[in-house]
Amino acid sequence: MNFLLRGCFVVFVLVKASTVSINPELDNEWLSWKSFHKKLYQEVRKDAAFRRNVWEQNLQYIEKHNTDYFMGKHTFAVGMNQFGDMTVEEFSNLLNRRNTRQYNNKTCNIFTADDKTDLPQSVDWRPKGYVTGVKDQKACGSCWAFCTTGVLEGQWFKKTGKLISLSEQYLMDCSQSVGNHGCNGGSSIHSLLFIKEKGINSEESYPYTAKLRTWRPYMSMPKNSERDLAAAVATVGPIAVGFDAGRASFMFYKSGIYYDEACSKTVMDHGLLVVGYGTEAGEPYWIVKNSWGVKWGNSGYFHTAKDKGNNCGIASYAHYPVV
């Protein structure tokens with residue numbers, strides 16, 4: 001049931017930037033984008049030119065995708081964001097180096113849906129106080145730590161009525177003994193087992209005080225079961241999941257219901273938090289919290305296809321701690 005996470009993208013080359021000439025008609029847009037995202041490059045013309053070329057190719061990709069979106073070929077739109085001057089390959093080299101170490105445990109229980117219970121048509125735990133604000137992992141393969149704290153924050157709130165932002169940095173610094181490696185990857189399940197034994201600090205107090213310690217084993221959903229995931233989201237709270245985020249379409253996601261039939265259902269390279277579900281024009285979707293800051297997606301969140309063949313493996317490795 002373990003999934004090991006180092007970042008958010010798999011390797012493929014989106015652009016060959018060095019072969020593209022600069023379009024001077026985009027000068028003002030380029031300068032505005034750099035200013036908004038506070039981008040500073042080395043005082044080397046080659047570096048600045050390379051970043052400009054990458055940005056222009058990504059802009060072309062975004063424009064083509066959105067043209068197809070308005071023609072009804074996609075269910076979601078994309079947009080330029082803070083990642084616009086990087087290739088997907090660069091993101092992969094920086095973030096996606098999977099850790100294959102296994103960590104044996106016998107504490108996993110299985111959560112399954114009660115077939116006699118009707119689930120609500122929609123669920124959203126954000127206005128009910130279960131979810132902290134969107135965080136930003138920055139240039140670090142630490143999404144495993146963010147989905148760990150997110151799912152625990154929700155369950156701690158459910159038990160105590162107190163929403164406490166927990167420290168990802170504590171997990172990055174202190175949980176190497178269970179196979180986590182800071183910015184070089186880790187596992188949310190390993191992290192929950194570590195916290196069960198050692199506790200965790202609040203984000204405000206790390207590294208010295210306010211540890212939250214005790215809970216029983218974590219629960220996992222049957223693999224690939226969106227029905228069981230929906231039941232857990234509806235009755236338990238936010239749920240940690242794995243996701244195949246290795247697409248340019250996800251890198252630049254902006255709005256709509258994300259779906260990519262080429263996504264893997266077995267190779268999960270990113271950790272996320274499902275905070276609810278709903279429907280739009282009759283199409284069901286999951287509400288998911290990311291850890292790339294509020295400038296990405298829809299203020300740090302996205303909707304992704306629900307009950308559509310376990311899109312991108314969202315129900316392949318779902319779990320939560322029993323607080």
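**Entry 1: the pocket.** I began with the second largest pocket, for which I noted a volume of about 170 Å³. I keep in mind throughout that this is a predicted model. I then asked which residues line the second largest pocket. I listed Tyr69, Thr75, Gly256, Ile257, Tyr259, Glu280, Ala281, Glu283, Pro284, Ala305, Lys306 and Lys308. Sorting the lining by character, I found six nonpolar, two polar and four charged residues. When I looked for the strands behind this lining, I found that strand 10 (253-258) and strand 12 (283-289) each supply at least two of its residues.

**Entry 2: strand 10 and its partners.** Since strand 10 contributes to the lining of the second largest pocket, I looked up how strand 10 is paired. I found that strand 2, residues 76-78, pairs with strand 10 in the antiparallel sense, over three bridges, and that phenylalanine 76 stands opposite glycine 256 of strand 10. I noted again that Gly256 is one of the residues lining the pocket. With strand 13 (residues 301-305), strand 10 pairs in the parallel sense, over two bridges. Here I asked which residue in strand 13 is the bridge partner of isoleucine 257, and I found histidine 303 in that position. Ile257 is likewise among the pocket-lining residues.

**Entry 3: helix 7.** I next turned to helix 7 (residues 226-235), asking why it can be called largely enclosed by the rest of the structure. Eight of its ten residues are buried, so I recorded helix 7 as largely enclosed; I took buried to mean under 20% relative accessible area. The buried residues I wrote down are Glu226, Asp228, Leu229, Ala230, Ala231, Ala232, Val233 and Ala234. Following their contacts, I found that these buried residues pack against strand 4 (123-124), strand 9 (239-243), strand 11 (270-280), strand 12 and strand 13. Strand 12 also supplies at least two residues to the lining of the second largest pocket, and strand 13 is a pairing partner of strand 10. Just after helix 7, I noted that glycine 237 takes a positive phi of about 135°.

**Entry 4: the whole protein.** Finally I stepped back to the overall figures and counted eight helices and 14 strands in the protein. Of its 323 residues, 57% are buried. Taking the contacts between residues at least 6 apart in sequence, I found that 77% join residues at least 24 apart. For the accessible surface of the protein I entered about 14600 Å², with 50% of it belonging to carbon and sulfur atoms.

Methods
Residues numbered from 1 in each chain as written. Predicted model: local features only at pLDDT ≥ 70, side-chain atom pairs only at ≥ 80, totals over all residues. Heavy atoms only, no water. 1 Å grid on protein atoms, 1.4 Å probe; cavity = no way out; pocket = protein on both sides within 12 Å on 5 of 7 lines; lining within 4 Å. Points joined across faces, edges and corners; volume = space filled by probe spheres on them. Helix = DSSP H or I, 4+ residues; strand = E, 2+ residues; numbered from the N terminus. Nonpolar A, V, L, I, M, F, W, Y, C, P; charged D, E, K, R; others polar. Pairing = 2+ DSSP bridges. Buried < 20%, exposed > 50% of the residue type's maximum accessible area, 1.4 Å probe, protein only. Contact = heavy atoms within 4.5 Å. Areas by Shrake-Rupley, 256 points an atom, 1.4 Å probe, with all protein chains shown as cover.
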